[in-house]
Every structure is written in structure tokens, then in C-alpha cells.
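Trainee: Got a minute to walk through this model with me? I'd like to know what to look at.
Mentor: Sure, pull it up.

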Amino acid sequence: MQLPSTLLIAFEVGGTVAFATSGLIEAMRKRMDVVGVFSVAFASAFGGGTVRDLLLDRRPLFWVEHEGYLWLVLAMAVTAPLWLSVALRQTGARLMVLADALGLGLFAISGTSIALTAGMSPLVSALMGIATAIVGGVARDVLCNEVPHVYRDHRPYALCALAGSAVYLGLTALLVGPGWASLVGVVVATGSRLLAVALGWRLPGWRPREP
């Protein structure tokens, strides 16, 4: 079942804002110039959805079809000096964690729904949800000259996106309304990531045998 268009747009706007915020925070930490700040914010906000749309051969790309997303991120980047430093003083590192987790959940479910509507299998739809959720963060970290957080953190990240997508697909298969199924999926993905950070859940590292 397809998400209602208004709910899908709300998810994409929310995910765009969340990941643009995480990109702006990281660019600020790296003391980038104006070009760097804009580049990181745009890559964070649009990277995952762009890869999803390319893999699904979906045209126009979501941020080309909805030009308002571009203006939204542009406005966030321009006004960041006015609000971001204040927000960081009030919340510290928690803002980055919350923005990243919220963007993860919203984009995981929107990506899964779009792929499912395009006729993809549940497995491919879940993978499209994961790609939508994590590629923006990977692009952000690469542009900031960091090993992508998703690969070095050891706390579940992509698995949280997979859990949310799986719950959404399972509820959809049980004929639960797409609105409720998507909201539960977002809660599972975002909530499991926040719990992983708060409780220190960790995945085992890869340790190949010594030759």
C-alpha cells in the first residue's frame, strides 16, 4: 500500500531537515567556509534519496521535483549562525544524535514505501529504505574527512533502519493502514537507534585471523 502523499511529503521534509541539521553541525565542528557548509548540508539532506531514485530509475529526482526542499535547506544553511550555536549550547551532542536518529527513521520508511509502490519486492524495498537512510550520513562524513560513522560506531545504525523497514513491511502485509504502519516503523527505527546510543548496544567488530 502506498503512503498518503501528504504523509510521504511530511516524512521527506522531516528527514531532510534532520539530516541537513546533522550536516550543518558537522560542518560547523570542522570550521568549514560557506561553500563547505552548503555542500555538507545538501549532501547530508539529499544523498540518500538521490541514490534511491537513481537505483529505482525514478525521474525527476525527489529534490528536483520538489524544489521547495532546496529552498528549505538553503534557508537552514543561511540562518544556521543565528540558531544552531544556540541550539548546541542548550542540547550539546544530543542534538546531533537526535537529528541523526530522526532522519534515519523518517527516510528509512519513506524509501521503503517508495520502492514498494514502484513494484519492488519486500527485500529490495527494505534495502532501498536502508540506502535512503544511511547514504546522506556517509556523504556527510566523507566530505568532512571522517570514516563514515555508520561503519565505525559499532552501535546499531543500519540495522535500526532495517528493523523499522521490516516492521513497516510486516504491518503492511497484515493490511494495517499505511499511515499507522509507517508511524510504527519510524518509531521502531528511530527509537532503536536512540536506545542503542543510550544503552551502549554494540555490534562485534570484524577481526580477521592473523596470517
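**Inside the fold**

Mentor: Start with Ser165, which is buried at a relative accessible area of 0%. Keep in mind that this is a predicted model.

Trainee: OK. Where does Ser165 lie?
Mentor: In helix α8, residues 158-173.

Trainee: And what is Ser165 in contact with, leaving aside neighbours within four places in sequence?
Mentor: Ala108, Ile109, Thr112, Ala126 and Gly129.

Trainee: Let's go to α5. How many of its residues are buried?
Mentor: 18 of 24, so α5 is largely enclosed by the rest of the structure.

Trainee: What span should α5 have, and how far apart are its ends?
Mentor: At 1.5 Å a residue, its 24 residues should span 34 Å. The end C-alpha atoms are 35 Å apart, which agrees.

Trainee: What follows α5?
Mentor: Gly119, with a positive phi near 95°.

Trainee: Switching to the nonpolar core. How many residues are in the largest one?
Mentor: It has 19 residues. Those with the most contacts inside it are Ala20, Leu24, Ile25, Ala45, Phe46, Val73 and Leu84.

Trainee: Which elements give two or more residues to this core?
Mentor: α1 (5-29), α2 (34-55), α4 (67-91) and α5 (94-117). The largest share, 6 residues, comes from α4.

Trainee: Pick one of those residues for me. What is Leu84 in contact with?
Mentor: Beyond its neighbours within four places in sequence, Leu84 is in contact with Leu24, Ile25, Met28 and Leu95.

Trainee: What about a second core? What does it include?
Mentor: The second core is separate and has 14 residues. Leu3, Phe11, Ile109 and Val186 are among them.

Trainee: Why would nonpolar side chains be buried together?
Mentor: That is a general tendency in soluble globular proteins.

Trainee: Now Val17. Buried, exposed or partly exposed?
Mentor: Partly exposed, at 29% relative accessibility. Val17 sits in helix α1.

Trainee: What does Val17 contact further along the chain?
Mentor: Outside its neighbours within four places in sequence, Val17 is in contact with Leu72 and Met76. Val17 and Met76 are 59 residues apart in sequence, yet their C-alpha atoms are 8.3 Å apart in space.

Trainee: Cavities next. How many are there of 30 Å³ or more?
Mentor: The count is 1. The largest cavity holds about 40 Å³ of space.

Trainee: Which residues line the largest cavity?
Mentor: Asp100, Ile134, Gly137, Val138, Arg140, Asp141, His149, Val150 and Tyr157. α6 (122-143) and α7 (149-152) are the elements that give two or more residues to that lining. α6 gives the most, with 5 residues.

Trainee: How does that lining split by class?
Mentor: 4 nonpolar, 2 polar and 3 charged residues.

Trainee: Asp141 is in that lining. Is it buried or exposed?
Mentor: Asp141 counts as buried, at 4% relative accessibility. Asp141 is in helix α6. Leaving aside neighbours within four places in sequence, Asp141 is in contact with Glu146, Val147, Pro148 and His149.

Trainee: And the largest pocket? How much space lies in it?
Mentor: About 200 Å³. The pocket is lined by 14 residues, and Arg29, Met96, Val97, Asp100 and His149 lie nearest its centre.

Trainee: Which elements give two or more residues to the lining of the pocket?
Mentor: α1, α5, α6, α7 and α9 (178-199). The largest share, 4 residues, comes from α5.

Trainee: And by class?
Mentor: The lining of the largest pocket has 5 nonpolar, 1 polar and 8 charged residues.

Trainee: Last topic: backbone. Which peptide bond is cis?
Mentor: The one from Arg59 to Pro60, with omega near -10°. Pro60 is in the loop between α2 and α3 (62-65). In general, most peptide bonds are trans.

Trainee: What about Asp57? Where is its place?
Mentor: In the loop between α2 and α3. The phi of Asp57 is positive, near 55°. Asp57 counts as exposed, at 61% relative accessibility.

Trainee: And Arg31? Buried or exposed?
Mentor: Exposed, at 78% relative accessibility. Arg31 is in the loop between α1 and α2. Its phi is near 55°, a positive value in a residue other than glycine.

Trainee: Thanks, that gives me plenty to look at.

Notes: Residues are numbered from 1 along each chain as its sequence is written. This is a predicted model: local features need pLDDT of at least 70, side-chain atom pairs count only at pLDDT 80 or more; totals for chains, interfaces and linings use all residues. Side-chain values use heavy atoms; hydrogens and water are left out. On a 1 Å grid over the protein atoms alone, a cavity is a set of points where a 1.4 Å probe fits but cannot get out, and a pocket is an open set with protein on both sides within 12 Å along at least five of seven lines; lining residues have an atom within 4 Å of a point. Grid points are joined across faces, edges and corners, and a volume is the space filled by probe spheres set on the points. Ala, Val, Leu, Ile, Met, Phe, Trp, Tyr, Cys and Pro count as nonpolar, Asp, Glu, Lys and Arg as charged, and the others, Gly among them, as polar. A nonpolar core is a set of buried Ala, Val, Leu, Ile, Met, Phe, Trp, Tyr and Cys residues joined through side-chain atoms within 4.5 Å. Buried means under 20% relative accessible area, exposed over 50%, partly exposed in between (1.4 Å probe, protein chains only). Contact means heavy atoms within 4.5 Å. The expected span of a helix is 1.5 Å times one less than its number of residues.
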